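User: Got a model open here and I'd like to talk it through. Can you take a look with me?
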Amino acid sequence: MSVEGRSASITDAMDLAIEASESARGISAPNPAVGAVILDARGTVVGVGSTRPPGGPHAEIVALAEAGDRARGGTAVVTLEPCDHTGRTGPCSQALVEAGIATVVYAVADPNPLASGGADTLRGAGIRVEQGIRELEVRQGPLRAWLHKQRTGRPHVTWKYAATLDGRSAAADGTSQWITGPEARAHVHAERAKLDAIVVGTGTVLADDPRLTARRPDGSLALHQPVRVVVGSRQIPATAAIRGSEAPTVFLDTHDPAAVIEALGEHTDVQIEGGPTLAGAFLAAGLIDRVVAYVAPAVLGSGPAAVENAGIGTIADAIRFRTETVTMIGNDILIGVVPEGAN
């Protein structure tokens, strides 16, 4: 739906920028997934942009190009502080100055010392600058993984699983399709299309023969496909679906979560979708940064648990999390949590 020509408050414009930034997830890496909105001097939306693939323009440049001369005297609303360096593209701060922007509002300061400083450059050019609008939403949303990598130097790791009310990821006979409803499954595929890599164990591949592709509701492939990473020593048949050409696949002959993360160091947003053993290994290693659980209102009574062997022997050693979100998706519940004490 086009939003050009619509009046918007600053917070509304930031919400539009966040929405735009979601479209850059998965395609902008290693650059951050940024969204930008340009309001003209009357507060009307005249440009919306998101970061393009590496080598392409940043969000501000896309939005300014759409706005054209209407940007002069207007406001730029951006999810991340405009960059102040020249890399594959020029500094966005200078582009905003040259466009005649009067005010810049951004959510999150850029922590990268090579790119930060845009706010000071803008102020030095006489532009009014404001920071912090919708900051929490941006930090917990489209910039979560990138900010984590800037802070820690390693990919952000999400553990995703589906389970019943009694915590079963499959029935006693091993069947698991489908625990959740069609709406939840569509949501999983939409989120996969925004990831850099998906990690599973050889056990999951041998048991379920998954494709691990991101698909649209009509079954067609999404434009972006994350790298499929298979962890473990067991041989995978040449006929396995995961060897298909729909997406790249990497095989890692290791059971060490730290070695997996090191091998995926060039990536930013990684998701664990393997079985209970793989999930337990990553939890025990302290390498899970977020958990997203699709919980179905069903009971199996027996069958594999969602996680095993996480190195916990007593209740005092339980790995505790802080709940961020609880959302209804169809008849299922999506719960998002992060480790206690996480930023």
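User: How many salt bridges does a search of the whole structure find?
Analyst: The search finds 15 salt bridges. A salt bridge here is a side-chain nitrogen of Lys or Arg within 4 Å of a carboxyl oxygen of Asp or Glu. Before we go on: this is a predicted model, where local features need pLDDT of at least 70 and side-chain atom pairs count only at pLDDT 80 or more, while totals for chains, interfaces and linings use all residues. Residues are numbered from 1 along each chain as its sequence is written, and side-chain values use heavy atoms, with hydrogens and water left out.

User: OK. Which residue does Asp166 form a salt bridge with?
Analyst: Arg168, with the closest N and O atoms 3.8 Å apart. Asp166 is partly exposed because its relative accessibility is 28%, and Arg168 is partly exposed too, at 23%. For those words, buried means under 20% relative accessible area, exposed over 50%, and partly exposed in between (1.4 Å probe, protein chains only).

User: And which residues do shared partners join into one salt-bridge network?
Analyst: Glu22, Arg25, Glu191, Lys194 and Asp269.

User: What about Arg42, which side chain does it meet in a salt bridge?
Analyst: The side chain of Asp40, at 3.5 Å from N to O. Arg42 counts as exposed because its relative accessible area is 72%, whereas Asp40 has 10% and so counts as buried. Arg128 and Glu130 also meet through their side chains, at 3.6 Å from N to O. With a relative accessible area of 30%, Glu130 is partly exposed.

User: Switching to empty space. How much of it lies in the second largest pocket?
Analyst: About 560 Å³. The residues closest to the pocket's centre are Arg25, Gln140, Glu191, Arg290 and Val292, out of 26 that line it. The search runs on a 1 Å grid over the protein atoms alone: a pocket is an open set of points with protein on both sides within 12 Å along at least five of seven lines, a cavity is a set where a 1.4 Å probe fits but cannot get out, and lining residues have an atom within 4 Å of a point. Points are joined across faces, edges and corners, and a volume is the space filled by probe spheres set on them.

User: Which element gives the most to that second largest pocket's lining?
Analyst: β12, with four residues. Elements that each supply at least two residues include α6 (144–152), α7 (182–192) and β13 (332–339). Helices (H or I, at least four residues) and strands (E, at least two) are DSSP runs, numbered from the N terminus.

User: What's the lining of the second largest pocket like by class?
Analyst: Eight nonpolar, nine polar and nine charged residues. Ala, Val, Leu, Ile, Met, Phe, Trp, Tyr, Cys and Pro count as nonpolar, Asp, Glu, Lys and Arg as charged, and the others, Gly among them, as polar.

User: And cavities, how many of 30 Å³ or more does the structure hold?
Analyst: One. The largest cavity has a volume of about 140 Å³. Among its 15 lining residues, Gly26, Ser28, Ala33, Trp146 and Thr268 are the closest to the centre. By class, the lining of that cavity has seven nonpolar, four polar and four charged residues.

User: Trp146 is in α6, right? Which residues of α6 are buried?
Analyst: Arg144, Ala145, Trp146, Leu147, His148 and Lys149 are buried in α6. After α6 comes Gly153, with a positive phi near 85°.

User: Backbone oddities next. Where is the cis peptide bond?
Analyst: From Ala29 to Pro30, with omega near 10°. Pro30 lies in the loop between α1 (10–22) and β1 (35–39).

User: What's the phi of Leu212?
Analyst: Positive, about 55°, although Leu212 is not a glycine. Leu212 sits in the loop between α8 (202–208) and β8 (227–231) and counts as buried because its relative accessibility is 5%. Asn309 also has a positive phi of about 55° without being a glycine. Asn309 is in the loop between β11 and β12, and at 64% relative accessibility Asn309 counts as exposed.
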